[in-house]
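Here is a short tour of one protein model, written to be read with the coordinates open beside you. We begin with a contact between rings and then step back to the fold as a whole.

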Amino acid sequence: AAIAVAASITVCGFIGKTLSGASMNPARSFGPALISGNLSDVWIYFLAPFLASVMAVLLTRIIQGPLKPEEKEAARGEKVH
């Protein structure tokens, strides 16, 4: 797992360097931007996680299909008979 984590951080660093300075932590980007008053590029750190989560849900639904009735009941906490 350590090699996979290190590889993903390295790839994100190479790709993100030109786009955002390779900042992968919104707090590390927002704090200095707030203090400096330069908030023009901070929007991506709020929008990207939201869009990625929506895309992940949609992709999961496409791959796995719609929920079965018993899965819906389990998600709501209802007792499955």
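## An aromatic contact and its setting

In this predicted model, the structure holds one aromatic pair. Its partners are Phe-30 and Phe-46, whose ring centres sit 5.6 Å apart with 85° between the planes, an edge-to-face arrangement. Phe-30 belongs to helix H2 (residues 26–36) and Phe-46 to helix H3 (residues 43–64), so the pair ties together parts that are 16 residues apart in sequence.

Is Phe-30 buried or exposed? The answer falls in between: Phe-30 counts as partly exposed, at 31% relative accessibility. Ala-6, a residue of helix H1 (residues 2–20), is likewise described as partly exposed, with a relative accessible area of 39%. Here are the two side by side.

| Residue | Relative accessible area | Class |
|---|---|---|
| Phe-30 | 31% | partly exposed |
| Ala-6 | 39% | partly exposed |

Ala-6 also gives a handy distance to check in your viewer: its C-alpha atom is separated by 22 Å from that of Ala-48, a residue 42 places away along the chain.

Now to helix H3 itself. How far apart are the end C-alpha atoms of H3? They are 32 Å apart, and this agrees with the 32 Å that its 22 residues should span at 1.5 Å a residue. Just after H3 comes Gly-65, which takes a positive phi of about 85°.

As a reminder when you look down any such element, an α-helix has 3.6 residues a turn, so residues three or four places apart point the same way.

Stepping back, the protein has four helices and zero strands, and from the N terminus on the order of elements is α-α-α-α. The radius of gyration is 19 Å, well over the 12 Å that the globule rule gives for 81 residues, so the protein is more spread out than a compact globule. Along the principal axes, the C-alpha trace spans about 60 × 35 × 20 Å.

The surface figures round out the picture. Buried residues make up 7% of the 81 residues, where buried means under 20% relative accessible area. The protein exposes about 6,900 Å², and carbon and sulfur atoms supply 70% of that area.

Finally, a word on charge: the protein has 7 positive and 5 negative charges, and the mean positions of the two sets are 6 Å apart.

Technical notes
Residues are numbered from 1 along each chain as its sequence is written. This is a predicted model: local features need pLDDT of at least 70, side-chain atom pairs count only at pLDDT 80 or more; totals for chains, interfaces and linings use all residues. Side-chain values use heavy atoms; hydrogens and water are left out. Helices (H or I, at least four residues) and strands (E, at least two) are DSSP runs, numbered from the N terminus. The radius of gyration is taken over C-alpha atoms; the globule rule is 2.2 Å times the number of residues to the power 0.38. Buried means under 20% relative accessible area, exposed over 50%, partly exposed in between (1.4 Å probe, protein chains only). Accessible areas come from the Shrake-Rupley method with a 1.4 Å probe; for residues, only the protein chains shown count as cover. Lys and Arg count as positive and Asp and Glu as negative; His and the chain ends are not counted. The place of a charge is taken as NZ of Lys, CZ of Arg, CG of Asp or CD of Glu. Rings of Phe, Tyr and Trp (its six-membered ring) pair if their centres lie within 6.5 Å; planes under 30 degrees apart count as stacked, over 60 as edge-to-face and the rest as tilted. The expected span of a helix is 1.5 Å times one less than its number of residues.
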